[in-house]
Amino acid sequence: MAETKFDLIILGGGPAGYNAAERAAHGGLKTLVCEERALGGVCLNEGCIPTKTLLYSAKIYDYANHGDKYGVTVEGAKIDHAKVVDRKDKVVKTLVSGVGAKMKGAGVTVANGTAKILGKVAGGFAVECAGVTYEAAKLLICTGSEAIVPPIPGLREAYEAGFVVTNREILDLRTLPKKFVVIGGGVIGLEMASYFNSVGCEVTVIEMLDKIAGPTEKEISSNLEKNYAKKGVKFILGAKVSAVNGKPGSMGVVEYEKDGKTEKVECDLVLVSTGRRARTKGIGLEELGVQMNRGAIVTDETCATSVPGVWAAGDVNGKVMLAHTGYREGEAAVNNMLGKKDRVDYRSIPSVIYTNPEVASVGETLESAQKAGIDAEETTLSLRYSGRYLAENEGGDGFVKIVYGKQHHEILGVHMIGSYASEIIYGAAAMVARCQRVEDVQKIVFPHPTVCEVIREAMFTVH
Ligand code: NAI
């Protein structure tokens, strides 16, 4: 008879759940993870990792096609999309089995099935998964998020027919569209626009707001737009999609309203990337009395919910829907369960858009700082101050922006567009997390020649 009594049951085996499970097991908690699909969640199976695999192939193809400016000419470069997808599947499989091995190694039990909270029992909670009832003193909800398919006429039908896809289905396409339309110019939309543009499809991004990349610092967002417009991506901003009509394998249309006029774009594939919502329905949270806000679980900085003994981490709290936030929240929740006080510092969570050029940010923009009543200033420096950037980015126009407090020069935010930004930003996150001042960073020695040196150099433009 399999074990049914645990110290902790985690609902969801994505980044928040599996990482928390490992930490909890190492902390001495007998832990069960319930997962209905593959371990690794959206991040590993249909998000961060598969998209990065695709984007890396696109980058190699770009280099092959545009190497002449570096004195390298490649004749007859070709991209085999089906092969790219096969490689993506192999990478995902390796990582998913790695997570399984991690769980086994830590002594975590994994149940494959959809978990449902049955309610309170003496000493904790009961959860049903794959026909078995389990009990534990504590619950950690890590059920993640799902793509929103907004109520646009024809969209749901076209999605069900396969003419419209979300981040999930798009990764398994084995043939390329000719004309690709993205609804929603946020992170997912831009990363996929980047891939399909690189591999030769005609790409149109339709965005409701007057800028792409959502909350991204506005000059960076406009620089990114300019870079992609140069590569041939068409951006239709300030436009509201009003209808979608099409069947897979043939041309259909996306209709939109802009400046009081209705226009249409012809396409043979549509990606809907208009945001994600927390997955909280049907798992027994309402019955338990867990407080919600617009479908997401309300948590504090310790990741506790309104019900003692129930914790939540990752996209399900609707706060910062990023895998690395989930990792940290899961850890904080476990630490607090183990009696070690821990709080998530939401001020210093970095975010990255893996386009080419890359965008990476942490902390306040000048606009958000001023909105919060902080007396702030900013300084901007071109990445062309870096010898390495110049050597590797013919015609590149990347830059870094530092936002700091006017009086004390504390670093409030760092925003960057250009090569290696994704790998550099953690250093800036440490500066924001540790409340370092401009003068502190001036005294840190950075390696030379690197692109990150520009961050240090920018500190010397502050007087
Ligand atoms: P998003 O919130 O980043 O962007 C959605 C965009 O769609 C917004 O700009 C919004 O104005 C627009 N929009 C909404 N309704 C629309 C409509 N009817 N017509 C036209 N535009 C419309 O959402 P996205 O891209 O779906 O990403 C979801 C989540 O996944 C985000 O929280 C993101 O942080 C995360 N993610 C993170 C990645 C990374 O860290 N590199 C990569 C991919 C996703």
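## Gln442 and helix H14

Gln442 sits in helix H14, where helices (H or I, at least four residues) and strands (E, at least two) are DSSP runs, numbered from the N terminus. This is a predicted model, in which local features need pLDDT of at least 70 and side-chain atom pairs count only at pLDDT 80 or more, while totals for chains, interfaces and linings use all residues. Residues are numbered from 1 along each chain as its sequence is written, and side-chain values use heavy atoms, with hydrogens and water left out.

Is Gln442 buried or exposed? Gln442 is buried, with a relative accessible area of 18%; buried means under 20% relative accessible area, exposed over 50%, and partly exposed in between, using a 1.4 Å probe and protein chains only. Setting aside neighbours within four places in sequence, Gln442 is in contact with Arg456, Met459 and Phe460, contact being heavy atoms within 4.5 Å. Met459 is 17 residues away from Gln442 along the chain, and their C-alpha atoms are separated by 6.2 Å.

## The loop from H14 to H15

Let's follow the chain onward. Between helix H14 (438-442) and helix H15 (453-459) runs a loop that holds Thr450. Pro449 has its place in this loop between H14 and H15 too, and the peptide bond that leads into Pro449 from His448 is cis, with omega near -5°.

Thr450 is buried, at a relative accessible area of 14%. Not counting residues up to four places away in sequence, Thr450 touches Ser386 and Arg388.

## Glu358 and a second cis proline

Another cis peptide bond joins Asn356 and Pro357, with omega about 15°. Pro357 lies in the loop between E20 and E21, and Glu358 also has its place in the loop between strand E20 (351-353) and strand E21 (359-363).

Glu358 counts as buried at 12% relative accessibility. What does Glu358 touch, not counting residues up to four places away in sequence? The list is Lys59, Ile353, Met416, Ile417, Gly418, Tyr420, Ala421 and Ser422. With Ala421 there is a polar contact: the side chain of Glu358 reaches the backbone nitrogen of Ala421 at 3.4 Å. A polar contact here is a pair of N or O atoms within 3.5 Å; within protein, one must be able to donate a hydrogen and the other to accept it, and residues adjacent in sequence count only if both atoms are side-chain atoms. Val84, 274 residues from Glu358 along the chain, has its C-alpha atom 21 Å from that of Glu358.

## Around the ligand

Which of the 20 residues around the ligand come nearest? They are Ile188, Glu191, Glu207, Gly275 and Val352, where a residue is near a molecule or strand if one of its heavy atoms lies within 4 Å of it.

Polar backbone atoms also face oxygen atoms of the ligand. For Ile188, the distance from a polar backbone atom to a ligand oxygen is 2.9 Å. The corresponding value for Val187 is 3.3 Å, and for Met321 the backbone-to-oxygen distance is 3.5 Å.

## Helices H1 and H10

Two packed helices are described by the angle between their axes and the distance between the axes. For helix H1 (residues 15-26) and helix H10 (residues 323-337), the axes come within 8 Å and cross at roughly 35°. Axes are lines fitted to C-alpha atoms, for helices over the stretch in contact, and angles run from 0 to 180 degrees between N-to-C directions. The crossing of H1 past H10 is right-handed, the near helix being turned clockwise from the far one by less than a right angle.

On the H1 side, Pro15, Ala16, Tyr18, Asn19, Ala20, Arg23 and Ala24 meet Ala323, Gly326, Tyr327, Gly330, Glu331 and Val334 of H10. The residues of this contact divide into eight nonpolar, three polar and two charged. In this scheme Ala, Val, Leu, Ile, Met, Phe, Trp, Tyr, Cys and Pro count as nonpolar, Asp, Glu, Lys and Arg as charged, and the others, Gly among them, as polar.

## Positive phi values and Arg156

Ala130 has a positive phi of about 50° although it is not a glycine. Its place is in the loop between strand E5 (124-129) and strand E6 (132-141), and Ala130 counts as exposed at 53% relative accessibility. His409, in the loop between strand E23 (399-405) and strand E24 (411-417), has a positive phi near 60°. His409 is buried, with a relative accessible area of 11%.

Last on the tour is Arg156, placed in helix H5 (residues 155-161). Arg156 counts as partly exposed at 40% relative accessibility. The C-alpha atoms of Arg156 and Val244 are separated by 9.0 Å, with the two positions 88 residues apart along the chain.
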